[in-house]
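Hi,

Here is the structure I promised to pass on. Have a look at it first, and then read my notes below.

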Amino acid sequence: MEWVSAENVIAVCTAVLGIIASAAALWYERRVPRRKRVGYRVQMDTPIGSDVGTGRANVRLGLFRETPGVDMSDATLVLLRIENDGSQSIADNDYTGIDLHGLTVEFEDRTIRGVAVTQPTGSEHLMDHFTPSGGMRNTENLLHLPRVPLNRGQHFKLLVLLTGAPVGSAVRVSGGIRDGEVMPNRSTTPDDKPPLFSRSARIITVLMTACVMTLATIIVVREDAPPIGCERGTLRVVGSTAFAPVARELAQKYTSDCPGSTIRVETHGSNAGLDELVREGARVGAKGGSPGVIALSDGPRPKRYTQLREDRVAVSVFAVVVNDALPVRDLSAADLRKIYRGEIRDWNHFAGVPRSPRRPILLVSRNASSGTREVFQRRVLNGLEPANSSRDCESPDFPSAPVVRCELTSTEEVLDTVARLPGAIGYSELRSGTPLKGIRRLSIDGAAPSVDDIGDTSYPYREIEYAYTYGRPPADSLASSFLTYMGRGGGQEIIRTHGHLPCATPKGLRVCGEG
């Protein structure tokens with residue numbers, strides 16, 4: 001199987017690990033109660049007596065030297081920290097013991113001689129709980145502590161004077177906590193702050209990072225291997241001549257990145273491309289296959305082609321263009337309709353154009369298979385263009401023609417002809433990144449053609465560029481891969497540089513959704 005490659009296996013394993021980790025975290029959050037926990041640790045256990053098994057005497061002064069009735073020769077000092085290191089606050093009724101006290105501290109083989117309780121700044125109210133009536137008392141080696149409520153992260157410390165056993169004798173804290181536990185912990189640094197991530201989170205992060213790094217290494221080292229998502233085979237892209245420059249560059253970049261793929265761009269107009277796709281789909285579909293053809297269209301398919309599946313690729317802005325010898329820079333939609341109905345035949349009709357010599361209007365149009373023409377008729381004219389009346393675009397073929405109008409097969413031919421003939425007017429896609437020599441783009445009703453202003457102005461001459469396939473192509477086909485490539489970062493950048501707005505961008509999603 002072609003998909004079983006090292007990088008694909010690593011990619012699948014990384015995805016599976018991420019899914020399992022996310023599901024486990026969700027299950028834990030929903031099914032496992034958040035734990036309450038009292039943690040404790042000995043922060044100091046030091047000798048202060050002269051004979052505590054260390055082999056050396058200690059220097060003692062004051063009460064440590066002379067304590068009536070108490071043999072201080074084996075005395076030790078223990079500093080014990082008790083804290084709420086769980087995920088929830090602990091109230092006094094969270095302690096589950098039947099006695100008055102909440103916790104019990106056991107100093108193995110040692111006898112308690114004195115206890116001092118300390119608390120951090122801002123927690124002075126905790127001291128109100130350490131009273132005999134609250135359960136604070138000691139007997140021999142046991143110290144009973146009250147039911148002290150502790151917010152998350154809050155703590156107190158016990159400084160205990162002990163005798164009877166050397167340093168290092170066990171210190172244990174016991175007690176019951178509802179939905180929780182009492183257990184020893186260890187110091188964290190700095191300033192006793194808990195780690196940012198739990199141990200399980202760190203393990204998952206390390207594993208996923210290792211998978212991603214392994215995948216990246218395989219891709220870099222194996223220069224002969226195509227990138228993930230590439231497919232081999234042959235594909236034809238037909239349809240819109242307006243979108244052809246984009247399609248050619250996309251095809252060139254894809255085939256360069258993906259060895260083993262061949263993409264031919266053969267555009268003859270949106271409608272011609274859709275017709276060809278349907279014919280090819282019917283032929284190949286009868287054999288149980290899927291045609292390796294994508295048809296690009298300026299605007300939606302005819303309703304009769306129900307078997308075609310669409311992908312919205314970009315928003316294209318089109319422009320009405322005139323020969324730059326004309327001083328006209330803006331026309332109203334109403335005047336454009338009059339021009340194409342033959343009601344206005346001379347440029348001298350418009351302000352700024354000299355009354356003489358006479359400058360007849362020459363309509364340079366596209367043939368009936370053109371999507372650009374369909375968009376112009378639907379979005380600007382609200383009707384059809386007049387009949388073809390000229391083969392050379394300069395003079396009528398018969399005297400009774402209401403206007404001089406010719407039809408050409410491509411956008412390039414329209415632009416070349418308008419640039420060559422004074423008085424010519426035509427239309428094309430915007431091509432904002434391409435200088436148009438001998439041509440001027442017109443505003444319509446004061447709104448200029450601009451990709452940046454799509455959706456923010458009333459400019460009418462725009463349309464969604466569609467990519468059509470015959471049904472849904474297989475996921476591992478070149479057609480499916482190329483469609484995905486068009487919507488990715490590199491494909492989007494190519495679309496944008498040619499003056500179109502990719503539908504996959506945030507603004508493009510909104511405009512393409514409006515239709």
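**The loop around Ser 389**

Leaving out residues up to four places away in sequence, Ser 389 touches Ser 395, Pro 396, Asp 397, Phe 398, Ala 401, Val 403, Val 404 and Arg 405. Before I go further, keep in mind that this is a predicted model. Ser 389 sits in the loop between α6 (371-381) and β16 (404-408). Is Ser 389 buried or exposed? With a relative accessible area of 2%, Ser 389 is buried, the cut-off being under 20%. Its side chain also has a polar partner: one of its polar atoms is 2.6 Å from the backbone oxygen of Val 403.

Asp 397, one of the residues that Ser 389 touches, is found in the loop between α6 and β16 as well. Asp 397 has a relative accessibility of 40%, so it counts as partly exposed. If you skip its neighbours within four places in sequence, the contacts of Asp 397 are Ser 389, Ser 390 and Arg 391. For Arg 391 there is a polar pair to look at: its backbone nitrogen lies 3.4 Å from a polar atom of the Asp 397 side chain.

**The helices α5 and α6**

The loop brings us to the helix before it. Helix α5 (residues 333-341) packs against α6 with the axes 10 Å apart and an angle of about 125 degrees. That angle makes α5 oblique to α6. Which residues meet there? From α5 they are Leu 336, Arg 337 and Tyr 340, and from α6 they are Phe 376, Val 380 and Leu 381. By type, the residues of this contact come to five nonpolar, no polar and one charged.

**Two enclosed strands**

On the other side of the loop is β16, which pairs with β15 in the parallel sense over five bridges. In that pairing, Ser 365 stands opposite Glu 407 in β16. Strand β15 (residues 362-366) has five of its five residues buried, so it is largely enclosed by the rest of the structure. As a general point, side chains in a regular strand alternate between the two faces of the sheet. For β15, both faces are covered: Leu 362, Val 364 and Arg 366 are buried on one side, and Leu 363 and Ser 365 are buried on the other.

Strand β12 (residues 293-298) gives a similar picture. Six of its six residues are buried, so β12 too is largely enclosed by the rest of the structure. One side holds Val 293, Ala 295 and Ser 297, the other holds Ile 294, Leu 296 and Asp 298, and all are buried. Which strands does β12 pair with? Strand β10 (residues 233-239) runs parallel to β12 and is joined to it by four bridges, with Arg 236 opposite Val 293. Strand β20 (residues 462-470) pairs with β12 in the antiparallel sense, also over four bridges. There, Leu 296 stands opposite Ala 467.

**A four-stranded sheet and Val 171**

There is also an open sheet of four strands, in the order β5-β6-β3-β8, with antiparallel pairing. The edge strands are β5 (137-139) and β8 (171-174), each of which pairs on one side only. From one strand to the next, the twist averages 20 degrees. At one end of the sheet, β5 and β6 (residues 142-145) are antiparallel and share three bridges; within that pair, Arg 137 has His 144 in β6 as its bridge partner.

The residue to look at in strand β8 is Val 171. Val 171 has a relative accessible area of 14%, which means that it counts as buried. What is in contact with Val 171, leaving aside its neighbours within four places in sequence? The list is Tyr 40, Val 42, Leu 80, Val 105, Glu 106, Phe 107 and Arg 110. Take Leu 80 from that list: it is 91 residues from Val 171 in sequence, yet their C-alpha atoms are 8.9 Å apart.

**The chain as a whole**

To put these places in context, the chain has ten helices and 21 strands. Of its 515 residues, 44% count as buried. Among contacts between residues at least 6 apart in sequence, 77% join residues at least 24 apart.

Cheers

Definitions and conventions: Residues are numbered from 1 along each chain as its sequence is written. This is a predicted model: local features need pLDDT of at least 70, side-chain atom pairs count only at pLDDT 80 or more; totals for chains, interfaces and linings use all residues. Side-chain values use heavy atoms; hydrogens and water are left out. Two strands pair if DSSP finds at least two bridges between them. Axes are lines fitted to C-alpha atoms, for helices over the stretch in contact, and angles run from 0 to 180 degrees between N-to-C directions. Buried means under 20% relative accessible area, exposed over 50%, partly exposed in between (1.4 Å probe, protein chains only). Contact means heavy atoms within 4.5 Å. A polar contact is a pair of N or O atoms within 3.5 Å; within protein, one must be able to donate a hydrogen and the other to accept it, and residues adjacent in sequence count only if both atoms are side-chain atoms. Angles under 35 degrees count as roughly parallel, over 145 as roughly antiparallel, 65 to 115 as roughly perpendicular and the rest as oblique. Ala, Val, Leu, Ile, Met, Phe, Trp, Tyr, Cys and Pro count as nonpolar, Asp, Glu, Lys and Arg as charged, and the others, Gly among them, as polar.
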